[in-house]
Amino acid sequence: MAITLRDSYNKTTYKLGNHGKRNVQVLKEALQEIDGNVESDMYGQGKIIGDFQQKMANLFGKEAAVFFPSGTMAQQIALRIWCDEKDLGKVAYHPLSHLEIHEQDGLKKLHKIETILLADKTRVIELEDIMEMENGVACVLLELPQREIGGQLPSFETLEKISRYCKEHGMKLHLDGARLMEVLPYYQKTAAEVCALFDSVYMSFYKGIGGVAGAILAGSKEFTSQSKVWKRRYGGDLISLYPYILSADYYYEKRANKMAEYYESAKQLAAFFNRCEGVQTLPIAPVSNMFHVHFDLEKEAVETILTDIQEIMGIGISGYVKELAENNCSFEISLGDAYQEIPTETVRKMFGLLAEKISEKRSGE
Ligand SMILES: Cc1ncc(COP(=O)(O)O)c(C=O)c1O
């Protein structure tokens, strides 16, 4: 039986994306220097969770922060709080927001919150999209970067204008900053400078930071204390969250300062892809550590090409390809530590082979 794309990817020595395998070693590495006598957190209380929450609140320039097991939980809660405060069960976000397409409608089913979809699926939200909304909403959510369209970003100026407009019109602004650290090199801003534009902010610890799981939600003391009540209602107050907290802190310290490196790698790698005829990255020039790679070929053909190259070169390009249309398919790539390990010459050779194989396929050979 022919080897699958996923198998060939798993077998490669090197990988273009991410930080390496998601295995138990990720947790073991994070805990290896930790004193075994350190006490666990207990149902959201204790030094281990309190200190980390304060550290994140300081990073974001917010009054307080709360550690959550997941971003899904944190963000549904954030939007519920803003809706209750305004007594208006309505929020606005992008049609490809995580809440809209990956959470089984949790926001609508659990909270009966109505959603307004801003902009269209191909671009980021602009100020005009918010101005054109007929009636107000309790909260507007912006996702930076907009993951499902390759991690695109509005300009910082646009963010400032949106922030001002929302304030003037009594709407809260929430940041889905799952990948917040990853966008700072492009904006050339600190986390606090970006967060100052938002009333509430969420960030993930397992995307570019590469921890086990976990999320932080930050805002005013009033907002975060309400979020703790909802966290309890959601069953999010695990008796011990320390494996997530310690790994979040460890990998935050290890990688928060490497985001500019990942961003540079993303630009370099995207340029390699764009030199292959029939291949285009979205966006053409990445604005964070991530982008999508699009092929003007049918999915099966791309799977065969990638499988071959992965077997020959030992570099994992992708373990999947998503069909978008008959002759259009794509995959996502997020740069991390793994890319730095590949010798540049091997990367060059791999792209030479990719260009050759795609060109053969396109000319019908
Ligand atoms: C943009 C964005 N928001 C929210 C989430 C939800 O995070 P979690 O998996 O921690 O629930 C994700 C996860 O992929 C995400 O990409």
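In this predicted model, helix α11 comprises the 13 residues 221-233. At 1.5 Å a residue, a helix of that length should span 18 Å, and the end C-alpha atoms of α11 are 19 Å apart, so expectation and model agree.

Which residues of α11 are buried? They are Phe223, Thr224, Gln226, Ser227, Trp230 and Lys231. These residues lie on the same side of α11, because they cover an arc of only 160° around its axis. An α-helix has 3.6 residues a turn, so residues three or four places apart point the same way. On the face turned away from the buried side, α11 carries the exposed residues Lys221, Glu222, Ser225, Val229 and Arg232. The cover over the buried residues of α11 includes the strands β2 (64-68), β7 (200-204) and β8 (215-219), together with helix α4 (71-86). Just after α11 comes Gly235, with a positive phi of about 75°.

The ligand is the next topic. Its surroundings consist of Ser70, Gly71, Thr72, His98, Glu143, Arg147, Asp176, Ala178, Ser204 and Ala215. Sorted by class, this shell has five polar, three charged and two nonpolar residues. Elements already named reappear here: Gly71 is among the residues around the ligand, and α4, which runs over 71-86, is part of the cover of α11. Likewise, Ser204 and Ala215 surround the ligand, while β7 (200-204) and β8 (215-219) help to cover the buried residues of α11.

For the wider setting, an unreviewed UniProt entry lists residues 37-292 as "domain: Aromatic amino acid beta-eliminating lyase/threonine aldolase". Over residues 37-292 the chain is 45% helix and 16% strand, and the end C-alpha atoms are separated by 45 Å.

Several loops have backbone geometry that deserves attention. Most residues other than glycine have a negative phi, and most peptide bonds are trans. Against this background, the peptide bond from Leu144 to Pro145 is cis, with omega near -10°. Pro145 is placed in the loop between β5 (139-143) and α8 (156-168). A cis peptide bond also joins Leu282 and Pro283, where omega is about -10°; Pro283 belongs to the loop between β9 (279-282) and β10 (290-295).

Positive phi values occur at Asp105 and Ala119, neither of which is a glycine. For Asp105, phi is near 60°, and the residue lies in the loop between α5 (98-101) and α6 (106-111). Is Asp105 buried or exposed? It counts as exposed, because it has 12 C-beta neighbours inside 10 Å. Ala119 has a phi of about 65° and is found in the loop between β4 and α7. Ala119 is buried, because 20 other C-beta atoms lie within 10 Å.

The loop between β4 (114-117) and α7 (127-131) also holds Glu126. Glu126 is partly exposed, because 16 other C-beta atoms lie within 10 Å. Leaving aside neighbours within four places in sequence, Glu126 is in contact with Ala119, Pro154 and Thr158. The contact with Ala119 thus links Glu126 to a residue that has a positive phi. Glu323 is 197 residues away from Glu126 along the chain, and the C-alpha atoms of the two residues are separated by 28 Å.

How values were computed:
Residues are numbered from 1 along each chain as its sequence is written. This is a predicted model: local features need pLDDT of at least 70, side-chain atom pairs count only at pLDDT 80 or more; totals for chains, interfaces and linings use all residues. A residue is near a molecule or strand if its C-beta atom, placed from the backbone, lies within 6 Å of it. Ala, Val, Leu, Ile, Met, Phe, Trp, Tyr, Cys and Pro count as nonpolar, Asp, Glu, Lys and Arg as charged, and the others, Gly among them, as polar. UniProt positions are given in the numbering used here, feature names are shortened, and annotations may be inferred rather than shown by experiment. Helices (H or I, at least four residues) and strands (E, at least two) are DSSP runs, numbered from the N terminus. The expected span of a helix is 1.5 Å times one less than its number of residues. The arc is that of the directions from the helix axis to the C-beta atoms. Two residues are in contact if their C-beta atoms, placed from the backbone, lie within 7 Å.
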